Amino acid sequence: MIFMRSSKVLAASALLLGTTSISLAQDAADIVFTNAKIHTMDDANPTAEAVAITGNTITYVGDKAGAEALIGDETRIINAYNHLMVPGFIESHSHLLVAAAAISGVVGDQRDSAEDIARKVTEYAEENPGDWTIFGTGLAATLLQSDAANRKVLDDVLPDRGVVLLDETNHNAWVNSKALELAGVTKDTPDPAGGTYVKDANGELTGVIQGSPAHIPVINASKAVTPDRLAAAMPQMLEIMTSFGFTGVIDMGFPLGTEAGYQSLVDLDNDGKLPLRASLAYMFNTQELGNKVLSTIEDFSKRYKSEHVWLDTLKIIGDGVTENFKAYMFEPYLDHDGSGAMNSGDDFTREAALKAADMGFNITTHCVGDKCNALMLDIYEEIRAAGNEDAILSTTHSWWVRPEDRPRWAKSDIITQTAGIWLFYKPEYVTSLGEERNNTEQFPMRAWEDSGAVVALGSDYPATEGGLMGLNPFNNIYSAVTRQLAPPLVGTVGEKHPPLEPADQVLTVEEAIRAYSAGGAKMMGKFDEFGSISVGKKADLVILSQDLFEVDVEDISNTDVLLTMMDGKITYTEPSIAAGALSDPKIRYPWQE
């Protein structure tokens, strides 16, 4: 379907090289892209070679001849020199606020030992003097499962200043004694639902904290993330996003500086400095926080709103992750007692979701375990059965799925959101869950696609593999179409293995790009406005250094973004492109001259 905003729509008529030319009747365009290989993600007009833009709106999609008719004296012409153009990417699962804090703190590597991390903390403290708590991300989850991660290691290098470090999942933390002291956590502090203060054989705190319900209060109490540092780092984080071709992001929330973070995005937008669209999801991970969120979400949806920023979604952190044995599974773990649980309990989760739907909000739920996914499908089906067809319902991660549950997303119009970057074999999962679950339940991408479910890709950065390499959409696309670790991450995140079973559950390149554009736009509830290169939609698009449809699959990760455009404005150009290339409307980009 093509969404038009004008009664002056001209019917599609010309066919050239398999492209259909579609336009709005108009005078000269502001910008014309020519000589592009355009994959529009618009089923009615799937390919083209030229696009015209007036203001922030796409007004022509078709052949070169039709576009040239729209060139006037002031039209800016950009020759794509046969490069691939696709809709702007949408990062459908990011923690944008904590990501800004992450890039300005200690950045761990999944190869780092405890001693490596201690050295990085020391260096960071020397370069950033003060008494405020040091924050970091990106540590290997396996490090925090070992005895090497102990608060005493951090105490030895920084005894008088708090240290809080998150692993690659963001669901586990390693802290020093000072951070525990600032948070008032002792060996007698009871574990919250969904969280664990890990103790050694003598009952002493090790400094490892499992589960966000336990570590987020420590982050807040120790002031490891503050509004001023978050706001200061946000422009750099946004610049990184646009360099990867992102024109939209769904911020999945993190209860750290939430109000200040939301306000910083609104302020940037009102100042004309926000380079992407931001859909905000207001998150809870405990019953106490859930009650607060439900009581304030309507006010937040009105307060944090601007042209490109809006809040219309409740985010529920359903369970934990496999790495901390808190993913909610039907059958127990093989190397740990229990089978996980819902952080806020089954009943409260259901009540919160039903209430949010009745209030008119969309709902997205973090689900890793197979029982968490099945439970949320039950709840979402109940919402649909009550007659609510308007709420956008989704599961995020959607990791472990019983084969019998695969068709349920499509049947009830539930979006499945996941990260391509996670689709690779991890031997530790076999240890925890066994061969059968490992080989049959992980990420049934092909089944979702074939059943008609909407798939949206997003990395969960900074809670993802490989740090910023995990945010890179091309690494995600590679893993989504191969079910193997992306080449740039081999040796740092893990080793190269055969495809993750079930090996047939892959996407095609086109499906992966669609999941990164149209899928994300549908999850944002704005597919009538963007998500495909279609006449009448907003001009959100990217031009890439190589054709993903033609390169060898092993070369996908080597792709770069040459140009990003959001709302008709160029938000990023690859550094090698001449800085003044757009100063004169008639000057073209010299990409292949």
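This predicted model holds 15 aromatic pairs. One of them joins W399 and Y429. A pair of aromatic rings is described by the distance of the centres and the angle of the planes. For W399 and Y429, the centres are 5.8 Å apart and the planes stand at 70 degrees, which makes the pair edge-to-face. Now look at where the two partners come from: W399 is in the loop between β23 (393–397) and α13 (408–411), while Y429 belongs to helix α14 (residues 427–440). The pair links distant parts of the chain, with its members 30 residues apart. Both W399 and Y429 are buried. They also belong to one aromatic cluster, together with W400, W422 and F443.

Aromatic rings can have charged company too. The charged end of R161 sits over the ring of W132, 4.5 Å from the ring's centre. In a similar way, K526 lies over the face of W310, at 4.7 Å from the ring centre.

Let's keep W422 in mind and move to T464, since W422 is among the residues that T464 contacts. T464 is found in the loop between β25 (455–457) and α16. T464 counts as buried because its relative accessibility is 3%, below the 20% cut-off. Its side chain reaches the backbone oxygen of S459 at 3.0 Å. Beyond its neighbours within four places in sequence, T464 is in contact with residues including Q110, E168, I421 and L471.

A little further along is N472, in the loop between α16 (468–471) and α17 (473–482). Is N472 buried or exposed? N472 counts as buried, because its relative accessibility is 12%, again under 20%. The side chain of N472 reaches the backbone nitrogen of F474 at 2.8 Å.

In soluble globular proteins, nonpolar side chains tend to be buried together. Here, the largest nonpolar core has 129 residues, and M234, M237, L265, I363, L544 and L548 have the most contacts inside it. Take M234 as an example: leaving aside neighbours within four places in sequence, M234 is in contact with L96, L97, A100, S264, L265 and L268. A second, separate core has 20 residues, among them V51, I58, I533 and M565.

Finally, find the open sheet of six strands, ordered β7-β6-β11-β26-β27-β28 with mixed pairing. Which are its edge strands? They are β7 (47–48) and β28 (569–573), each pairing on one side only. Strands β6 (residues 37–39) and β11 (residues 84–87) run parallel and are joined by two bridges. Across this pairing, I38 stands opposite M85 in β11.

Conventions: Residues numbered from 1 in each chain as written. Predicted model: local features only at pLDDT ≥ 70, side-chain atom pairs only at ≥ 80, totals over all residues. Heavy atoms only, no water. Helix = DSSP H or I, 4+ residues; strand = E, 2+ residues; numbered from the N terminus. Buried < 20%, exposed > 50% of the residue type's maximum accessible area, 1.4 Å probe, protein only. Polar contact = N/O pair within 3.5 Å; in protein donor to acceptor, adjacent residues only side chain to side chain. Core = buried A, V, L, I, M, F, W, Y, C linked by side-chain atoms within 4.5 Å. Contact = heavy atoms within 4.5 Å. Pairing = 2+ DSSP bridges. Phe/Tyr/Trp six-rings, centres within 6.5 Å; stacked < 30°, edge-to-face > 60°. Lys NZ or Arg CZ within 6 Å of the ring centre and 35° of its normal.
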